[in-house]
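Work through these exercises with the model open beside you. Try each task before reading its solution.

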Amino acid sequence: MDGQTWERMWGHVERVHPDGGAVAAAIRSAARLARPSVPPVPNYKLSMSIPEWLQAIQTYMKMLHYLTNGQPSVERFPISFKTHFSGNYFHHVVLGIYCNGRYGSLGMSRRSDLMDKPLIYRTLSDLIFEFEDSYKKYLHSVKKVKIGLYVPHEPHSFQPIEWKQLVLNVSKMTRTEVRKELEKFARDMRMKILKPSSAHSPMKERSRGKSLSPRRRQASPQRRACRRDKSPAVVDKKGDLATLNEVGYQLRI
């Protein structure tokens, strides 16, 4: 870092901190600065129950305070998978990472290749296909992939996490179609032209990259009383809730 940038950083501290130059002067003139505390990694014991182990992990993550939030060059976004195995549906959420033109992920899973992925994937579709291939090793077929928007770095933001800005029914699409939709979505995300659903109508999902048609006019009371909702109700009863909670907390920090 050159001297000009270094001085600009301290000038920014003096402008935004309540104590201004006093804080900057105290830090710069200090002979020794305390090292930042690093919480100990929790150790699993055979006597611990699953809830106790999950609580230990959550406590550790809370002690980290700012996992990726203090790194504005690192963009974070949720990726969720719906898979099918042995007659049951399963849900898994990981934290997608984009930095320096490469994609990767962070997460929790019993399988090492279904959570953390290094920042080596040139495109978002390469990352998603890597997960899909990993699921095949365990005889899981990926049915749907949902991708959210970048999570803001403001630690006090009240903006809700956008979990499913893009929804792809990959089981009914070719890889060429999936790649096309993912790369279009990734390009829009990098340009930051996508807006949270709170800025739009309640219909927030974009399936296969196609824009939603305008909402129909409200039916008259007579017609509305006679109409019957014929859409099927699908309820997925099984999911990795622990992973969902952990990744949701990673997004917040």
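**Exercise 1: Helix α5**

In α5, the buried residues are V178, E181, L182, E183, F185, A186, D188 and M189. Buried means under 20% relative accessible area, exposed over 50%, and partly exposed in between, with a 1.4 Å probe and protein chains only. Helices (H or I, at least four residues) and strands (E, at least two) are DSSP runs, numbered from the N terminus. This is a predicted model: local features need pLDDT of at least 70, side-chain atom pairs count only at pLDDT 80 or more, and totals for chains, interfaces and linings use all residues. Residues are numbered from 1 along each chain as its sequence is written, and side-chain values use heavy atoms, leaving out hydrogens and water.

Task: check the length of α5 against its expected span.

Solution.
- Step 1: the expected span of a helix is 1.5 Å times one less than its number of residues.
- Step 2: α5 has 17 residues, so it should span 24 Å.
- Step 3: the end C-alpha atoms of α5 are 24 Å apart, which agrees.
- Step 4: look just past the helix. K192, just after α5, takes a positive phi of about 55°.

**Exercise 2: Helix α4 and its cover**

Task: find which residues of α4 are buried, and what covers them.

Solution.
- Step 1: check the span. The 14 residues of α4 (residues 124-137) should span 20 Å, and the end C-alpha atoms are 21 Å apart, which agrees.
- Step 2: list the buried residues of α4. They are L124, S125, L127, I128, F129, F131, E132, S134 and Y135.
- Step 3: look at the cover, which includes β1, β2 (88-99), β3 (102-106), β4 (117-121), β5 (141-147) and α5 (175-191).

**Exercise 3: Two helix pairs**

Task: describe how α4 meets α5, then how α1 meets α2.

Solution.
- Step 1: recall the method. Two packed helices are described by the angle between their axes and the distance between the axes. Axes are lines fitted to C-alpha atoms, for helices over the stretch in contact, and angles run from 0 to 180 degrees between N-to-C directions.
- Step 2: take α4 and α5. Their axes come within 8 Å and cross at roughly 135°.
- Step 3: classify the angle. Under 35 degrees is roughly parallel, over 145 roughly antiparallel, 65 to 115 roughly perpendicular, and the rest oblique. The helices α4 and α5 are therefore oblique to each other.
- Step 4: name the residues in contact (heavy atoms within 4.5 Å). From α4 come L124, S125, D126, I128, F129, E132, D133 and K136. From α5 come R175, V178, R179, L182, E183, F185 and A186.
- Step 5: sort the residues. Ala, Val, Leu, Ile, Met, Phe, Trp, Tyr, Cys and Pro count as nonpolar, Asp, Glu, Lys and Arg as charged, and the others, Gly among them, as polar. The contact of α4 with α5 has 7 nonpolar, 1 polar and 7 charged residues.
- Step 6: turn to α1 (residues 3-16) and α2 (residues 21-29). Their axes come within 7 Å and cross at roughly 135°. That makes α1 oblique to α2.
- Step 7: name this contact. W6, E7, W10 and E14 of α1 meet G21, A24, I27 and R28 of α2. By class, the residues are 4 nonpolar, 1 polar and 3 charged.

**Exercise 4: Positive phi in loops**

Task: are N100 and L139 buried or exposed?

Solution.
- Step 1: know the background. Most residues other than glycine have a negative phi.
- Step 2: place N100 in the loop between β2 and β3. Its phi is near 55°, a positive value. N100 is exposed, at 69% relative accessible area.
- Step 3: place L139 in the loop between α4 and β5. L139 has a positive phi of about 65° although it is not a glycine. L139 is exposed too, at 66%.

**Exercise 5: Two strand residues**

Task: what do S80 and I97 touch, leaving aside residues up to four places away in sequence?

Solution.
- Step 1: S80 lies in β1 (residues 75-85). At 17% relative accessibility, S80 counts as buried.
- Step 2: S80 is in contact with H92, V93, K144, V145 and K146.
- Step 3: I97 lies in β2. I97 is buried, at 6%.
- Step 4: I97 touches V74, E75, R76, F77, R102, Y103, G104, S105, L106 and L119.
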